Amino acid sequence: MNRDDATKRFHGGDDAFAELIDESQPVELPTPDSDVPMVSRSVRLPLETYERVRAAAEARGIGVTTLMRQWIEAGLADLDDSATVSLADVRRALASLSRPTAA
């Protein structure tokens with residue numbers, strides 16, 4: 001049975017539709033990429049902001065939602081004084097301390 005026929009049977013109230021579902025083959029669901037339960041939320045952003053986030057994520061080689069999650073986690077860590085700092089940022093900060101400043 002194709003999708004259109006199944007849709008017509010469903011909307012037509014055909015009782016055989018439940019039998020059709022029972023006879024279907026099980027489907028393999030994708031394995032979650034995390035052991036931590038995740039919650040999906042929708043966030044409305046101005047297009048320009050989204051494009052900047054997308055470009056930043058692309059530059060880092062990660063997905064947009066991954067980058068947003070990292071930023072949110074860093075912001076929350078900052079609120080409770082347990083801020084996470086990237087090793088690259090630490091190295092840049094230390095390197096800038098060793099350079100003489102112009103007087």
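**Salt bridges, a core and a pocket**

Me: What makes the pair Arg54 and Glu51 a salt bridge?
Reply: Arg54 forms a salt bridge with Glu51, and their closest N and O atoms are 2.7 Å apart. The term asks for a side-chain nitrogen of Lys or Arg within 4 Å of a carboxyl oxygen of Asp or Glu, so 2.7 Å qualifies. A word on the source: this is a predicted model, in which local features need pLDDT of at least 70 and side-chain atom pairs count only at pLDDT 80 or more, while totals for chains, interfaces and linings use all residues. Residues are numbered from 1 along each chain as its sequence is written, and side-chain values use heavy atoms, with hydrogens and water left out.

Me: Where do Arg54 and Glu51 lie with respect to each other in the helix?
Reply: Both are in helix H3 (residues 47-60), three residues apart, which means a separation of about one helical turn. Helices here are DSSP runs of H or I with at least four residues, strands are E runs of at least two, and both are numbered from the N terminus.

Me: Why is Arg54 called partly exposed?
Reply: Its relative accessible area is 31%. Buried means under 20%, exposed means over 50%, and partly exposed is in between (1.4 Å probe, protein chains only), so Arg54 at 31% takes the middle label. Glu51, at 32%, is partly exposed as well.

Me: What else meets the side chain of Arg54 in a salt bridge?
Reply: Glu58 does, with an N to O distance of 3.4 Å. These two are four residues apart in helix H3, again about one helical turn. Glu58 has a relative accessible area of 59% and is therefore exposed. Glu51, Arg54 and Glu58 are thus linked in a network of salt bridges.

Me: How many salt bridges does the rule give, and what makes Arg92 and Asp89 one of them?
Reply: The count comes to three. For Arg92 and Asp89 the closest N and O atoms are 2.3 Å apart, and that distance satisfies the rule. Both residues lie in helix H5 (residues 87-98), three residues apart, about one turn of the helix. Arg92 counts as exposed at 53%, whereas Asp89 counts as partly exposed at 38%.

Me: Which residues make up the largest nonpolar core, and what makes them a core?
Reply: The five are Val53, Ala56, Ala57, Val64 and Leu67. H3 and H4 are the elements that give two or more residues to this core, and H3 gives the most, with three. The set is called a nonpolar core because its members are buried residues (from Ala, Val, Leu, Ile, Met, Phe, Trp, Tyr and Cys) joined through side-chain atoms within 4.5 Å. Val53 also touches residues including Val64, Leu67 and Trp71, not counting residues up to four places away in sequence; contact means heavy atoms within 4.5 Å.

Me: How much of the protein chain counts as buried?
Reply: Of its 103 residues, 8% do.

Me: What elements does the protein chain have?
Reply: The chain has five helices and zero strands, and reads α-α-α-α-α along the sequence.
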